[in-house]
Amino acid sequence: DFMKQGHGMLLLYTLKNPSFPEYSFSSESGFMCLDFHSDHPHLLAVGFYDGNVAIYNLKKASSQPSYKSSAKSGKHTEPVWQVKWQKDDMDSNSNFFSVSSDGRIVSWTLVKNELVHMDVIKLSADGTTMQGPGGLQLQTLGSGTSFDFHKKIDYLFLVGTEEGKIYKCSKSYSSQFLDVFEAHHMAVDSVSWNPFHLKVFISCSSDWTVKIWDHTIKTPIFVYDLGSAVGDVAWSPYSSTVFAAVTIDGQAHVFDLNVNKLEPLCTQLVVTRKKNKTTHIQFNPAYPIIIVGDERGLITCLKLSPNLRKMPKKKKGQEVKKGPEVEIEKLEKLLSAVREPGKKE
């Protein structure tokens, strides 16, 4: 409730001691999202419910963020739904991006101990204008809910919106986007590129579906109806065909398209209390562990059983190929079977 804002907590845990956080920070506004810097893991970018963004430096023994935006320095006017670090810029300044319901995607660069902002793109809902009082033309904004940057093409990123559209954008064109996907009937809750295959991305929505796309084709390649609003979806870091999703009825679903293209390998109830919704899911980058967050503030750590992470069997006298090429090929094979037959790449 925007009128009754409570305070927020940021807690950092180690799996070795799940009962007590290693670090905790509190703030006046609720934390909505965070992202660790991949090269400097002591830097943590966060976005707040009140539209601010901040950077915490875990090396400093301070309860306050090292850097924070302000109304002067271009903070968002609505909650920040996602923040993502980018590669350092030409002058090796750290920078990250944020997306908010106010329709702005903003890049924040750390220059001489200050966060300098730049609007990368403003989303408009089909460029529609409304008649305001006294004949004023009001621009209606599309509200961003999630985004993801391409793993290899540095300037390319996707933005999901509350209207169910996904915009394909470039960092270099601020006024328009490259493409629009009419993706979902309700808000896009999460969108992300496949870590292996450069053309594929996945999206999930409150309209109960998870969809897998090739960004060069306007219609989804795979569609899964999970029977309840999907809060989050994540690709696995170890296989191009494995992803997991959580639905608000408290369930986690694990898919491997290589094993079954039609339904999940596993659907499991994660939260038991009624009215508790699962909202987030993430794979551990190194271990076969999934972490699930829910509306009551509980975090559940789950280990994938061996049958959910089967690797291809060894044939006699043959080596099993491994590596990114194999992963790309595996997904490509599935996609080409589904794409229009006879259509050349």
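**Exercise 1. Find which residues of helix α1 are buried, and work out how they sit around the axis.**

Step 1. The buried residues of α1 are Glu-327, Lys-330, Leu-331, Leu-334 and Leu-335, where buried means under 20% relative accessible area, exposed over 50% and partly exposed in between, with a 1.4 Å probe and protein chains only. Helices are DSSP runs of H or I with at least four residues, strands are runs of E with at least two, and both are numbered from the N terminus.

Step 2. The buried residues cover an arc of only 125° around the axis, which puts them on the same side of α1. That arc is taken from the directions between the helix axis and the C-beta atoms.

Step 3. Glu-325, Glu-329, Lys-333 and Ala-337 are exposed on the other side of α1. As a reminder, an α-helix has 3.6 residues a turn, so residues three or four places apart point the same way.

Step 4. Now look for the packing partners: the buried residues of α1 pack against β18 (200-205) and β20 (222-225), with contact meaning heavy atoms within 4.5 Å.

Before going on, note that this is a predicted model, in which local features need pLDDT of at least 70 and side-chain atom pairs count only at pLDDT 80 or more, while totals for chains, interfaces and linings use all residues. Residues are numbered from 1 along each chain as its sequence is written, and side-chain values use heavy atoms, with hydrogens and water left out.

**Exercise 2. Check the length of α1 against the expected span.**

Step 1. Helix α1 covers residues 324-338, which is 15 residues. The expected span is 1.5 Å times one less than the number of residues.

Step 2. That rule gives 21 Å for α1, and the end C-alpha atoms are 22 Å apart, which agrees.

**Exercise 3. Describe the surroundings of Ile-221.**

Step 1. Locate Ile-221: the residue is in the loop between β19 (209-214) and β20.

Step 2. With a relative accessibility of 12%, Ile-221 counts as buried.

Step 3. Set aside neighbours within four places in sequence, and Ile-221 is in contact with Ile-212, Trp-213, Asp-214, Leu-335, Val-338 and Arg-339. Leu-335 is also one of the buried residues of α1.

Step 4. Val-200 is 21 residues from Ile-221 along the chain, and their C-alpha atoms are separated by 9.5 Å.

**Exercise 4. Lay out the open sheet that contains β8 and β9.**

Step 1. The order of this sheet of 4 strands is β7-β8-β9-β10, and the pairing is antiparallel. Two strands pair if DSSP finds at least two bridges between them.

Step 2. At the edges stand β7 (80-86) and β10 (114-122); each has a single partner strand, so one side of each is left without a neighbour in the sheet.

Step 3. From one strand to the next, the twist averages 25°. For such angles, axes are lines fitted to C-alpha atoms, for helices over the stretch in contact, and values run from 0 to 180 degrees between N-to-C directions.

Step 4. Inside the sheet, β8 (residues 95-100) and β9 (residues 104-111) pair over 5 bridges in the antiparallel sense. The bridge partner of Phe-96 in β9 is Trp-108.

**Exercise 5. Decide whether strand β13 is enclosed or open, and trace its link to β14.**

Step 1. In β13 (residues 144-149), 6 of the 6 residues are buried, so the strand is largely enclosed by the rest of the structure.

Step 2. Strand β14 (residues 156-161) runs antiparallel to β13, joined by 5 bridges. Phe-149 stands opposite Phe-157 in β14.

Step 3. The connection from β13 to β14 is a hairpin through 6 residues.

**Exercise 6. Place Cys-301 in the structure.**

Step 1. Cys-301 belongs to strand β27 (residues 299-303).

Step 2. Its relative accessible area is 40%, so Cys-301 is partly exposed.

Step 3. Neighbours within four places in sequence aside, Cys-301 is in contact with Leu-15, Ile-289, Ile-290 and Ile-291. Ile-291 is also the bridge partner, in β26, of Gln-282.

Step 4. Strand β26 (residues 289-294) pairs with β25 (residues 278-283) over 5 bridges in the antiparallel sense, and a hairpin of 5 residues joins β25 to β26.
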